[in-house]
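The exercises below are to be worked with the sequence and the structure side by side. Try each task before reading its solution.

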Amino acid sequence: MENLRDVFRKLQIDYSPSKEDLLMAYMEEILELNQHINLTAITDREEFIKKHYIDSLLCVDSNEFKSAKTIIDVGTGGGFPGIPLAIAFPEKKFILIDSLNKRIKIINDLCAKLGIRNVEAIHGRAEELARRKDMRECFDLCVSRAVANMSTLSEYCLPFVKRGGAFIAYKGPDCGEEVAAAAKAIKVLGGKIAREESPSLEGLPFEHKLIFIIKENNTGSKYPRKAGTPSKEPIS
């Protein structure tokens, strides 16, 4: 398995032992807590590094990520991709949201314990948080590995992104039809599909494709619709 120093070098991320120590400490804490609350199905450490850390970092070479100063991770779960990105790029500000308060409390507690100072985790549903004045269309970039239909996920995510910003969705390798079917919804929400990428690390393929969506126009005040509606009745 790749060690983290090599991963940082290959992805052209500034490496420091303190970053590696933080990543390893966060992993150990998550695996320990995972015995009491479901945070990850991945308990093998090499798989954890590959599927949670390396996978999360594969967007960092994009101009959309490089230019972003404020980033929101929607449906963060155990903190992915937000925490690995935040540790690797301490100069950027990250907001992580999830609908399960237990996960949010764990993330905030671990960030305080480990000294990760550029992360704030907030409990709530995306449909409700995206209507807060201090969160709506306030972010340069949204990232999400949440498991949701692309049309639904876009309604969760694009209202957080400011005009001129971007949304990067981590989707499965066979997402082509799903993404194409979501094109109308993405346009309605003010976005435009820019491209799809299947990243790899010196020939090592990964499970996710990255879907890049540019926010061209403001999201209409109708969206997001009330909690539960985007998943039950995706825009089509």
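Glu137 lies in the loop between helix 7 and strand 4 (139-144). Helices (H or I, at least four residues) and strands (E, at least two) are DSSP runs, numbered from the N terminus. The model is predicted, so local features need pLDDT of at least 70 and side-chain atom pairs pLDDT 80 or more, while totals for chains, interfaces and linings use all residues. Residues are numbered from 1 along each chain as its sequence is written, and side-chain values use heavy atoms, with hydrogens and water left out.

**Exercise 1. Backbone exceptions**

Find the phi of Glu137 and of Gln12, then locate the cis peptide bonds that precede Pro81 and Pro224.

Step 1. Begin with the general rule: most residues other than glycine have a negative phi, and most peptide bonds are trans.

Step 2. Glu137 is not a glycine, yet its phi is positive, about 50°.

Step 3. Gln12 is not a glycine either, and its phi is positive at about 55°. Gln12 sits in the loop between helix 1 (4-10) and helix 2. With a relative accessibility of 68%, Gln12 is exposed. The cut-offs are these: buried is under 20% relative accessible area, exposed is over 50%, and partly exposed is in between (1.4 Å probe, protein chains only).

Step 4. Phe80 and Pro81 are joined by a cis peptide bond with omega about 10°. Pro81 belongs to the loop between strand 1 (70-74) and helix 5 (82-88).

Step 5. Another cis peptide bond, with omega about -5°, links Tyr223 to Pro224. Pro224 is in the loop between strand 9 (209-215) and helix 11 (229-232).

**Exercise 2. Two packings of helix 2**

At what angle does helix 2 pack against helix 3, and at what angle against helix 6?

Step 1. Note how the geometry is set up: axes are lines fitted to C-alpha atoms, for helices over the stretch in contact, and angles run from 0 to 180 degrees between N-to-C directions.

Step 2. For helix 2 (residues 17-33) and helix 3 (residues 45-57), the angle is about 110° and the axes are 11 Å apart. This makes the two helices roughly perpendicular. Angles under 35 degrees count as roughly parallel, over 145 as roughly antiparallel, 65 to 115 as roughly perpendicular and the rest as oblique.

Step 3. The crossing of helix 2 with helix 3 is right-handed. A crossing is left-handed if the near helix is turned anticlockwise from the far one by less than a right angle, and right-handed if clockwise.

Step 4. List the contacts, meaning heavy atoms within 4.5 Å. Helix 2 uses residues including Leu23, Met27 and Leu31, and helix 3 brings Arg45, Phe48, Ile49 and Tyr53. Sorted by class, the contact of helix 2 with helix 3 has 9 nonpolar, no polar and 2 charged residues. Here Ala, Val, Leu, Ile, Met, Phe, Trp, Tyr, Cys and Pro count as nonpolar, Asp, Glu, Lys and Arg as charged, and the others, Gly among them, as polar.

Step 5. Helix 2 and helix 6 (residues 101-114) pack at about 140°, with their axes 11 Å apart. The two are therefore oblique to each other. Their crossing is right-handed.

Step 6. Among the residues in this contact are Leu22, Ala25 and Leu33 of helix 2, and Ile106, Leu110 and Lys113 of helix 6. The contact of helix 2 with helix 6 has 9 nonpolar, no polar and 2 charged residues.

**Exercise 3. Helix 8 and its surroundings**

How many residues of helix 8 are buried, and which residues does Tyr156 touch?

Step 1. In helix 8 (residues 150-157), 8 of its 8 residues are buried. Met150, Leu153 and Cys157 are among them.

Step 2. At the start of helix 8, a side-chain oxygen of Asn149 comes within 2.8 Å of the backbone nitrogen of Ser151.

Step 3. Tyr156 is in helix 8 and is buried, with a relative accessible area of 15%. Not counting residues up to four places away in sequence, Tyr156 touches Val74, Ala126, Glu127, Ala148, Pro230 and Ser231.

Step 4. Follow the contact to Glu127, which lies in helix 7 (residues 126-129). At 5% relative accessibility, Glu127 is buried. The side chain of Glu127 reaches the backbone nitrogen of Gly228 at 3.0 Å.

Terms used: A polar contact is a pair of N or O atoms within 3.5 Å; within protein, one must be able to donate a hydrogen and the other to accept it, and residues adjacent in sequence count only if both atoms are side-chain atoms.
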